[in-house]
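Biologist: I am new to this structure and would like to go through it step by step. Please show it first.

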Amino acid sequence: MTEIYTPRDWSSQPPYLHPDYKSTVLRAPTKKLIPIRQSLSEITGPVYGHDRLGALDTDLTRNAVKSGEPIGERIVVTGRVLDENGRPQPNMLIEIWQANAAGRYVHVVDQHPAPLDPNFLGGGRCVTDSEGRYKFTTIKPGAYPWGNHDNAWRPAHIHFSLFGPSLSTRLVTQMYFPGDPLLAFDPIYMGTPADCRELLISKFMLEHTEPSFALGYEFDFVLRGRRQTPTE
Amino acid sequence: MSKLRQTPSQTVGPFFAYALTPEQYGYDFKSIADGNLIEGDVPGQRIRIEGRVLDGKGDLVPDAMIEIWQADGEGRYAHPADPRGSNVAFKGFGRMGTGTDPESRFIFDTIKPGSVDGTQAPHINVTIFMRGLLLHAYTRIYFSDEAAANTRDPVLASVPAERRNTLIAVRNETPAGAVYRLDIRMQGADETVFFDV
């Protein structure tokens, strides 16, 4: 028997073409995807562990400090990486990036006239522990305007990138915050099938707060699972 | 047991560079990977792979991120699921944004992979991310000088014959060595073949 990965559940994923999100119109593949029978090429994938982590990579309130603390509301974001069978995924690299508290990205292409924070980069990474847990300390990102349509604003979000155990489990997504009134107006969030949108919203959890320091949010990831297949 | 729903994908957006490809773009943060996959004196044929990403109007995409995953020169992956395991110091992963080259190219310096399992032709697995892609796209790069192996490859065989050339990088001999070129076209008559992996 060989272990391969369960198929992508297309009912939980956004489509390539979602015209309300205008950039999809010229960039979405138009032809039907060709199914691939998983081989070693698809059940393997890049392996990254603690050796690639900097000492402060999980703490975005400290990893780019130049002259003082970054401005904004400190938060903890924590949760677990699971597969769809509920199995924790240990030793998995997670990369994150986000805007600062004013809604400005460090990226030079971001021309939003909100202030940069000299003490905040907005990039971080960590590796899940033996129970698939991760934890970042950061600043709550601000909403920001973008050019998709008239008076368009992105809801506050943090970008996440996960490899999971194989090429097949690759996931890049965005985590949103509960109760954000901008969500209903955001074509990127709304491009997700309605019954799966809440999977992208973190939960405020008092137990994850650090008293007198930071509020706490929980966000879990669910990657494709494994299944056995007879070897030919 | 009822399954958990898979977390929906969302676009990588336009502002990934300072976290995912920071050194390439000049940000003060270490990169985990870049366009150079060659570490030390890893055995294998040195090659360069370069290409561009084009949208449905034929315009260059200057804000895509391309990841490649490949076997070593003997066709072994540096991953526990490969029972043979890589026997050389070759990780096999590269990542590059298209935002720093004047021609919006991705450029990977690597070694030519061997045949993975005796049935597949040498190939490189490619994952494409960009603003406007809510879900990453998977494709493969095959090699123009592997015609015989390509003919026997089961994945290429599953692709309509008239679309196979969208997956085959063309070898050019240059003073600096072998350069394989292949553009990724998101749409149009020559739309690249994307796979449901």
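Biologist: Let us begin with N151(A). Is N151(A) buried or exposed?

Modeller: With a relative accessible area of 60%, N151(A) is over the 50% cut-off. This is a predicted model, and N151(A) sits there in the loop between β7 (144–146) and β8 (152–154) of chain A. By that cut-off N151(A) is exposed.

Biologist: What is phi of N151(A) near?

Modeller: The residue is not a glycine, and its phi is positive. For N151(A) the value is near 55 degrees.

Biologist: Turning to chain B, is S104(B) buried or exposed?

Modeller: S104(B) is placed in the loop between β3 (93–97) and β4 of chain B. Its phi is near 55 degrees, a positive value in a residue other than glycine. Its relative accessibility is 9%, and the cut-off for buried is under 20%. S104(B) therefore counts as buried.

Biologist: Which residue offers its backbone oxygen to the side chain of N100(A) within 3.0 Å?

Modeller: N100(A) lies in the loop between β4 (93–98) and β5 (123–127) of chain A, and at 4% relative accessibility it counts as buried. Leaving out residues up to four places away in sequence, N100(A) touches several residues, including L116(A), F120(A) and K140(A). The backbone oxygen that lies 3.0 Å from a polar atom of the N100(A) side chain belongs to P115(A).

Biologist: Which residues touch the most other members of the largest nonpolar core?

Modeller: This core has 35 residues. Strands of chain B that each supply at least two of them include β1 (46–54), β2 (64–69) and β5 (123–130). The residues that touch the most other members are V53(B), I66(B), I128(B) and I184(B).

Biologist: Among the contacts of V53(B), which methionines appear?

Modeller: Residues up to four places away in sequence are not counted here. The contacts of V53(B) include L60(B), V61(B), I66(B), F106(B) and I184(B). The methionines in the list are M130(B) and M186(B).

Biologist: How many residues does the other core have?

Modeller: That core lies apart from the largest one. Among its members are V127(A), W69(B), Y138(B) and V159(B), from chain A and chain B. It has 29 residues.

Biologist: How many residues lie between β7(B) and β8(B) in their hairpin?

Modeller: On one side, β7 (residues 168–174) pairs with β6(B) in the parallel sense over two bridges, and I168(B) is the bridge partner of Y142(B). With β8(B), β7(B) runs antiparallel and is joined by five bridges; V170(B) stands opposite R181(B) there. Between β7(B) and β8(B) in the hairpin there are two residues.

Biologist: What is the area buried between chain A and chain B?

Modeller: The size of an interface is often given as the accessible area lost when the parts come together. Here 87 residues of chain A are in contact with 78 residues of chain B. Carbon and sulfur atoms give 58% of the buried area, which is about 7200 Å².

Biologist: Which residues of chain A lose the most area to chain B?

Modeller: Together they make up 12% of what the chain A side buries. They are L26(A), R27(A) and I34(A).

Biologist: How many salt bridges are counted between chain A and chain B?

Modeller: There are 49 residue pairs in polar contact between the two chains. In one salt bridge the side chains of R170(A) and E67(B) meet at 2.7 Å, N to O. The count of salt bridges between chain A and chain B is six.

Key
Residues are numbered from 1 along each chain as its sequence is written. Chains are lettered from A and ligands numbered from 1 in the order in which they are written. This is a predicted model: local features need pLDDT of at least 70, side-chain atom pairs count only at pLDDT 80 or more; totals for chains, interfaces and linings use all residues. Side-chain values use heavy atoms; hydrogens and water are left out. A nonpolar core is a set of buried Ala, Val, Leu, Ile, Met, Phe, Trp, Tyr and Cys residues joined through side-chain atoms within 4.5 Å. Buried means under 20% relative accessible area, exposed over 50%, partly exposed in between (1.4 Å probe, protein chains only). Helices (H or I, at least four residues) and strands (E, at least two) are DSSP runs, numbered from the N terminus. Contact means heavy atoms within 4.5 Å. Two strands pair if DSSP finds at least two bridges between them. Buried area is the accessible area (1.4 Å probe) that two parts lose on being put together, summed over both. A salt bridge is a side-chain nitrogen of Lys or Arg within 4 Å of a carboxyl oxygen of Asp or Glu. A polar contact is a pair of N or O atoms within 3.5 Å; within protein, one must be able to donate a hydrogen and the other to accept it, and residues adjacent in sequence count only if both atoms are side-chain atoms.
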